[in-house]
Amino acid sequence: MGNGFYRFTSVVLLVCFACFLLFVRWFFDTGRSGFLLGKPSPRTYFAIAPMGYIDEEKTQLLRSKVEDTIAGVFVKDSSAVRGMKSRLEALEQGDLQMAMIPAALKDLLAQLSERKKTIVLRSTFKIGQELLSEGDWTRGVAAPTAELIWEKIEALDLPMAENNLIYQLLEEILKPAVRLDKDLTQSLRKDFTAGLKPVEQFIKVGDVIVEKGNVITPQLARILLSQGYLQQRFPWKILILSLLLIFCWPFWVYLPDLASGSRRSFDLNEVFVACIVGGYWFAEYISSLLGARGVAIVVLTGWIYLVLPFIPAFQVVFGASIIASVLTAAFSTSEILLVASMGLVAAVTGRFFFRDVHSRSHLWRQLVVAGFFPVLGGMVVRWGMAMNLSWQVFLYACLGEAFWGVVVIAFLPVWENFFDIMSPLRLMELSYPTQPLLKKLQIEAPGTYHHSLMVGTLAEAAADRLGMNTYLIRAGAYYHDVGKLRRPHFFVENQMEGENVHDELTPSLSALVIIAHVREGLEIAQEYHLPAKLRQFIAEHHGTTCLAYFHRKSIALGETLPREQFCYPGPRPSCRETGLLMLADSVEAAVRADRKNITGIQDLEKVISGVVEAKVSEGQLDDVDFTMKELATIREALVYALQSMYHGRKVKEIKEEPSSEEEETTSKKQEE
C-alpha cells in the first residue's frame, strides 16, 4: 500500500475525530442546554469575550419613533381651488346639484322664500369669491378661519338665521387647497431614518447576555453564536467548515515540499499524525471545559516535535490548532484567535525544546517550559482582545499545561509501540547496553559488539555535522550486525588469533554464510520486536555489495559460479541514515583491517576516501540524496573521529608492503 492510501486513511480518521467531537459536544452540552430561536432561554448566558454589536431592536424602535413624528406631507392642490370656484358659481346660479350641497342644507334653503334664498346664495358666492381672491389660506393645510368668515358675513347685516346658513354653505365649499402626498411622506421618513446612527452596544466579560426564561430573539441568537454558544440543533455549519479545513490538510502539511519542489526527506506516518491530532482536539475540548482554553497544544507539540523535523512539525501543529479553534470555539472570533495564536506560538518555539531530550523527566521539564510560551501568548491575546484576564486564568493555564505534559509522557510509549514510532527516548532506551539483544551480542559476539559500538561512534560524528538524527544513527549501528549471533565464529572480529573457519570451507559456502547474516539479522530483529526503522539498517547496510575476495578465490579454484552468488541481496540504502551507516561500517572494517599500514593522517584519509569512492562507483548510494559536499563532510568527520586512535603512531620513513596474509585479512574484513 502506497503513501496515497495512508494519506487518504489519515484524512478519513480526522473527519471521524471531528464528527465524533462535535457530536459529543452537542450531546453532552449544547444538545441539552443549548438555546433555540424563539424559545425561552434554558439558562442564563454570560459573555465569554467582550464584543460590540449593533442593537437592531433598539435601532428599529428609534427609527419608528422618528417616523411617527412625520404625520404626512401635504402639497398644494390647484384643482381644489378650481373646484371651489365652480361650486360657488353653480350656487350663485341656484344649481344646488352642481354645487354639491348636502341634503340638510338644501332643506334649509327650501324653507326660505325665493327672495331670501337668492340673497343667501348670492351673498355666499360673494364672500367665497373674496376669500378665494385673497388666497393666503389656500397655501396652508387648513380652511379659512371661522373668525375671518364671520367677519365678512356680519358685514352683510343680514338676520342671524341667514348668516348661519351662509356660514354653513361656505364651510362646506371652502376646503383646504392641499392634499396628502403618500409617496413624498414615505420618502421623507426614509431620509430622516437613514440619517440616524445605529444604536451600538458593548458587552464586557461576565455581562449577562440573556437571563433564563427570556425569549431568544434573532439578535440574541446571533450574539450567543458569536460568543461560542451553540443551538440545540446539531452544528452543521461548524462541521462543514471543519471538513473543508480537513480536506485541505494534506496540501497544508506538504506545502513546503510542494513550494520547493523537493522530495520529502523525512518519514511521516500519516495515520499516527491523524491519531495524535484527534487526541489533541479532545484534549483541547476538555481544557475549554475546565477554563484553560488553548493549553492542550502542549500535547500535540510534545508528540510531534519528538518525531518530526521543524518544517513538517510546524505545519502539523499550527494547522491542527486552527481546526481545533473552530471545533471547540464555534464562531467566537476572540476564542478562535486565542486558540490559533497559542498554536502558532507553540509551533514556532517547539523546535528549541525537544532537540536533545535524554530522559522522561527531562522531557516533562521541557514540556513545562515549552508550554509557558503559548500560555504567555494567550495572555497577550486576552489582554489585546479585552478578554477575561486574571491571575486565576493564568494559574489554570499553567496547571493545565503541566498536566498535559504528564499526559504526553504517559501516552508516548503507547504511540511508540502501537505505531512503531522512533522518538529520541525510545532510541536511547534501545541503545542502552542493558537491552536483551545487546547483552546477548556482548556475551556471544564481543568482537561484533565492539565493532558495532565503533561504527555507531563514527556514524554519529558524521550525522551530527550533517544535522541528521544522531539517536537513530547510533541505534541502527548497534543493531545492524545482530545476524552474526547465529554463527559468530564465522566472522573475523570474533575469531581467535590464527583461527579462521573459512580456510576449511569452499568460497561459495563461506560467502553464503557471510551473506546470510543479513537475513538472519532480520529474523532475530523480528523475534526481539525491533522497530521497522532499525530493521531497515540491518537489511540495507551492505546493499548489493559483492564479496570480491571469495569470488576471486572461487575463480582461482576453477569454479564457474556466477558473480551474483557472492553478492548481498540488498536492497541498497534507501535513506540518508542507512547510507551513512554503510559508509561508517565499511570504513571501520577497512581501517581496522589495515591498521598496521596506517602510520599517519594521510594514510587514514586515503583508506576512507577509497571506501567512499568505491561505494559511490558501485552505485550503492544511488538511492540516497547525498551531495558531493556532504560526502566530503562525511569523509572529514570520519577522519576526525578515527585519527585519535592513531595520533601516537609515527609515520614510517619507508612503507613496508603488506604480506599476502595481511592482504587476505584486509579484503575479508572489508567485505564482511
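Modeller: A residue counts as exposed when its relative accessible area is over 50%, and as buried when that area is under 20%. The model discussed here is a predicted one.

Colleague: Is H529 buried or exposed?

Modeller: H529 sits in the loop between α23 (507-527) and α24. Its phi is positive, about 60°, although the residue is not a glycine. The relative accessibility of H529 is 66%, and because the threshold is over 50%, H529 counts as exposed.

Colleague: In which loop is D157 found?

Modeller: D157 is another residue other than glycine with a positive phi, in this case near 60°. With a relative accessible area of 69%, D157 is exposed. Its place in the chain is the loop between α6 (146-154) and α7 (160-173).

Colleague: How many helices and strands are there in the chain?

Modeller: The chain has 672 residues, of which 49% are buried. Among contacts between residues at least 6 apart in sequence, 79% join residues at least 24 apart. As for secondary structure, the chain contains 29 helices and six strands.

Colleague: Which residues form a disulfide?

Modeller: One disulfide is found when the whole structure is searched. The cut-off for such a pair is a sulfur separation within 2.5 Å. Two cysteines have their sulfur atoms 1.5 Å apart, and the disulfide is that of C546 and C567.

Colleague: How many residues apart are C546 and C567?

Modeller: The pair links distant parts of the chain. C546 belongs to the loop between α24 (532-540) and α25 (548-556), and C567 to the loop between α25 and α26 (576-593). Along the chain, the two cysteines are apart by 21 residues.

Colleague: What is the handedness of the disulfide of C546 and C567?

Modeller: Both C546 and C567 are buried. The torsion about their S-S bond is about 70°, so the disulfide is right-handed.

Colleague: Which cysteine has the nearest sulfur to that of C16, and how far away is it?

Modeller: C16 is partly exposed, at a relative accessible area of 47%. It takes part in no disulfide. The nearest cysteine sulfur is that of C19, at 6.7 Å.

Colleague: Which residue does a cis peptide bond join to G570?

Modeller: The bond in question has an omega of about 5°. The partner is placed in the loop between α25 and α26. The residue joined to G570 is P571.

Colleague: How are α24 and α26 oriented, and why?

Modeller: The axes of α24 and α26 lie 10 Å apart and make an angle of about 45°. An angle that is neither under 35 degrees, nor over 145, nor from 65 to 115 falls in the remaining class. The orientation of α24 to α26 is therefore oblique.

Colleague: What is the make-up by class of the contact of α24 with α26?

Modeller: Helices α24 and α26 cross in a right-handed sense. From α24, the residues Q536, F537 and E540 meet E577, T578, L581 and M582 of α26. By class, this contact has three nonpolar, two polar and two charged residues.

Colleague: What orientation does α13 have to α14, and why?

Modeller: The axes of α13 (residues 270-289) and α14 (residues 297-305) come within 8 Å and cross at roughly 160°. Angles over 145 degrees define the relevant class. Helix α13 is therefore, with respect to α14, roughly antiparallel.

Colleague: How many charged residues does the contact of α13 with α14 have?

Modeller: The crossing of α13 and α14 is right-handed. V273, I276, V277, Y280, A283 and E284 of α13 meet I297, V299, L300, W303 and I304 of α14. The classes are 10 nonpolar and no polar residues, and the number of charged residues is one.

Colleague: What distance separates the C-alpha atoms of A347 and A313?

Modeller: A347 is part of helix α16 (residues 333-349). Its relative accessible area is 0%, so A347 is buried. Beyond its neighbours within four places in sequence, A347 is in contact with Y305, F310, F314, V317 and F318. A347 and A313 are 34 residues apart along the chain, and the distance between their C-alpha atoms is 7.3 Å.

How values were computed:
Residues are numbered from 1 along each chain as its sequence is written. This is a predicted model: local features need pLDDT of at least 70, side-chain atom pairs count only at pLDDT 80 or more; totals for chains, interfaces and linings use all residues. Side-chain values use heavy atoms; hydrogens and water are left out. Helices (H or I, at least four residues) and strands (E, at least two) are DSSP runs, numbered from the N terminus. Buried means under 20% relative accessible area, exposed over 50%, partly exposed in between (1.4 Å probe, protein chains only). Axes are lines fitted to C-alpha atoms, for helices over the stretch in contact, and angles run from 0 to 180 degrees between N-to-C directions. A crossing is left-handed if the near helix is turned anticlockwise from the far one by less than a right angle, and right-handed if clockwise. Contact means heavy atoms within 4.5 Å. Ala, Val, Leu, Ile, Met, Phe, Trp, Tyr, Cys and Pro count as nonpolar, Asp, Glu, Lys and Arg as charged, and the others, Gly among them, as polar.
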